[in-house]
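Here are my notes for you to read with the model open beside them. Try to find each spot for yourself as you go.

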Amino acid sequence: MSQGTAWLLLVVSGLLDVAWAVSMKYAEGYTRLGWSLVSLILLAAFVYLLGRVLAVLPVGSAYAVWTGIGAAGTVLLGILLFGESLSLARIGGVILVVLGIVLLKAAPA
């Protein structure tokens, strides 16, 4: 797999992580069967992709980018879907995470 493909799959894995976090909320403690199954499928998908990516990209950068996408995306969807609080501090935190992702992508391996 090329570096470009690995970075693309890393982003996809990060987005699946966001979807997984949201699906866990909808699964309500894994008491709702449908959402619980969706959650487990998303979990398996992002772990598989992340594992493939780590064969190509440096583990430190890849894991940091993956968790950053997951964290920022989950905060944003929490605000949009669940009415979680929106404050300057939260927006600033998401911006800092995104800037960190950009810097890690730009840094030489």
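1. How do α1 and α2 lie relative to each other, roughly parallel or roughly antiparallel? In this predicted model, the two helices pack at an angle of about 160 degrees, and their axes are 8 Å apart. Angles over 145 degrees count as roughly antiparallel, so α1 and α2 are roughly antiparallel to each other. The crossing of α1 and α2 is left-handed. Sorted by class, the residues in the contact of α1 with α2 are 19 nonpolar, four polar and one charged.

2. Now do the same with the other pair. Helix α3 covers residues 59-82 and helix α4 covers residues 88-106; they pack at an angle of about 155 degrees, with 9 Å between their axes. By the same reasoning, α3 and α4 are therefore roughly antiparallel to each other. When α3 passes α4, the crossing is left-handed. From α3, the contact uses S61, A64, V65, G68, I69, A72, V75, L76 and I79, while α4 brings R90, V94, V97, V98, I101 and L104. By class, that makes 12 nonpolar, two polar and one charged residues.

3. Let's step back to the whole chain. Which kinds of element does it have, and how many? The count is four helices and zero strands, so if you read from the N terminus on, you get α-α-α-α. The C-alpha atoms fill a box of roughly 45 × 35 × 15 Å, taken along the principal axes.

4. A few totals for the chain are worth jotting down. It has 109 residues, and buried ones make up 28% of them. About 6,400 Å² of the protein chain is exposed, and carbon and sulfur atoms supply 76% of that area. Then there are the contacts between residues at least 6 apart in sequence: 66% of these join residues at least 24 apart.

5. Have a look at W7, which lies in helix α1 (residues 3-27). Is W7 buried or exposed? Its relative accessible area is 14%. Buried means under 20%, so W7 is buried. Leaving out residues up to four places away in sequence, W7 touches L57, V65, L104 and K105. You met two of these partners earlier, since V65 of α3 and L104 of α4 both take part in the contact between those helices. W7 and V56 are also worth finding: they are 49 residues apart in sequence, but their C-alpha atoms are 9.2 Å apart in space.

6. D17 is another residue of helix α1. At 10% relative accessibility, D17 counts as buried. What does D17 touch, once neighbours within four places in sequence are set aside? The partners are F46, W66 and G70. Take G70 in particular: D17 and G70 are 53 residues apart along the chain, and yet 5.5 Å separates their C-alpha atoms.

7. Next, find two serines in helix α2 (residues 33-54), starting with S39. S39 is buried, with a relative accessible area of 0%. Not counting residues up to four places away in sequence, S39 touches W20, S23, M24 and Y30. The other serine, S36, is found in helix α2 too. S36 is buried, at 7% relative accessible area. With the nearby stretch of sequence left out in the same way, S36 touches A27, Y30 and T31. Notice that Y30 turns up as a partner of S39 and of S36.

8. Finally, where does Y30 sit? You'll find Y30 in the loop between α1 and α2. At 38% relative accessibility, Y30 counts as partly exposed. The backbone here deserves a look as well: Y30 has a positive phi of about 60 degrees although it is not a glycine. E28 lies in the loop between α1 and α2 too. E28 isn't a glycine either, and its phi is positive, at about 50 degrees.

How values were computed:
Residues are numbered from 1 along each chain as its sequence is written. This is a predicted model: local features need pLDDT of at least 70, side-chain atom pairs count only at pLDDT 80 or more; totals for chains, interfaces and linings use all residues. Side-chain values use heavy atoms; hydrogens and water are left out. Buried means under 20% relative accessible area, exposed over 50%, partly exposed in between (1.4 Å probe, protein chains only). Contact means heavy atoms within 4.5 Å. Accessible areas come from the Shrake-Rupley method with a 1.4 Å probe; for residues, only the protein chains shown count as cover. Axes are lines fitted to C-alpha atoms, for helices over the stretch in contact, and angles run from 0 to 180 degrees between N-to-C directions. Angles under 35 degrees count as roughly parallel, over 145 as roughly antiparallel, 65 to 115 as roughly perpendicular and the rest as oblique. A crossing is left-handed if the near helix is turned anticlockwise from the far one by less than a right angle, and right-handed if clockwise. Ala, Val, Leu, Ile, Met, Phe, Trp, Tyr, Cys and Pro count as nonpolar, Asp, Glu, Lys and Arg as charged, and the others, Gly among them, as polar.
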